[in-house]
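Colleague: Before we look at particular places, could you walk me through how you read features of this kind, one at a time?

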Amino acid sequence: ALADGGRSDVVYRMVNRTDAPGYGHLLKLGFKTLSESWDKPGSSMNHCMFGHIQEWFQNSIVGIRQAPDSVGFKRLLLRPELVGDLTSASGHYDGMHGRIESRWRIENGQFFWRVVVPPNTAAEVHVPAADAGRVTESSRPTAQAPGVTFLRAEPARGPNERIARAVFSVGSGQYEFRSSLRQD
């Protein structure tokens, strides 16, 4: 609910805490699985009630979602969230049409994002970008990139999202987007 409401920054702060109750606290204690209790090292060590953060990692941080009107991941919504001090993330989802991949990093104010859209699917891709007109795909302006159609520019969603987005429609294939996160 927090992520859907544009508050992935709050989820990130909760997950990143190194004191109890926080996932970072469990890591600090050396846990490799999730404990039944936040503060009791002898309890059961495999409880999915604390394990649902994986959905946030996939949907929000890596940005792999099914489009709202889609079935079976036929249409994708790829929209990573840039939160906290994260400078990279990667992940995949094995859907019925094939593997969906998202791998992004930030270097020197530049956003680099590699996505793979499986065969017989399409995606709406939301690229974080200070200037939608300067986004490239495989080192070409997006207007010259095969299979990439510009849909719209979106402003940042309120005070908690750091950057605007350039939104594109793409078919199956591998794409390498690059954008600037800074206004020049």
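Colleague: Where does Thr-136 lie, and which residues does Thr-136 touch beyond those up to four places away in sequence?

Modeller: Bearing in mind that this is a predicted model, one first locates the residue in its element and then lists its contacts; Thr-136 belongs to strand E6, residues 136–137, and it touches Pro-141, Thr-142, Glu-176, Phe-177 and Arg-178 once residues up to four places away in sequence are set aside. Its C-alpha atom is separated by 9.7 Å from that of Phe-112, which is 24 residues apart from Thr-136 along the chain.

Colleague: How many aromatic pairs does the structure hold, and what is the geometry of the pair of Trp-104 and Phe-111?

Modeller: Rings pair when their centres lie within 6.5 Å, and planes under 30 degrees apart count as stacked, over 60 as edge-to-face and the rest as tilted. The structure holds 8 aromatic pairs; for Trp-104 and Phe-111 the centres are 5.9 Å apart and the planes meet at 35°, so this pair is tilted. Tyr-175 and Phe-177, by contrast, form a stacked pair, with 6.2 Å centre to centre and 20° between the planes.

Colleague: Why does Tyr-175 count as buried, and what is the relative accessible area of Phe-177?

Modeller: Buried means under 20% relative accessible area, so Tyr-175, at 5%, counts as buried, and Phe-177 is buried with a value of 2%. Both residues belong to one aromatic cluster, whose members include Trp-104, Phe-111 and Trp-113.

Methods. Residues are numbered from 1 along each chain as its sequence is written. This is a predicted model: local features need pLDDT of at least 70, side-chain atom pairs count only at pLDDT 80 or more; totals for chains, interfaces and linings use all residues. Side-chain values use heavy atoms; hydrogens and water are left out. Helices (H or I, at least four residues) and strands (E, at least two) are DSSP runs, numbered from the N terminus. Contact means heavy atoms within 4.5 Å. Rings of Phe, Tyr and Trp (its six-membered ring) pair if their centres lie within 6.5 Å; planes under 30 degrees apart count as stacked, over 60 as edge-to-face and the rest as tilted. Buried means under 20% relative accessible area, exposed over 50%, partly exposed in between (1.4 Å probe, protein chains only).
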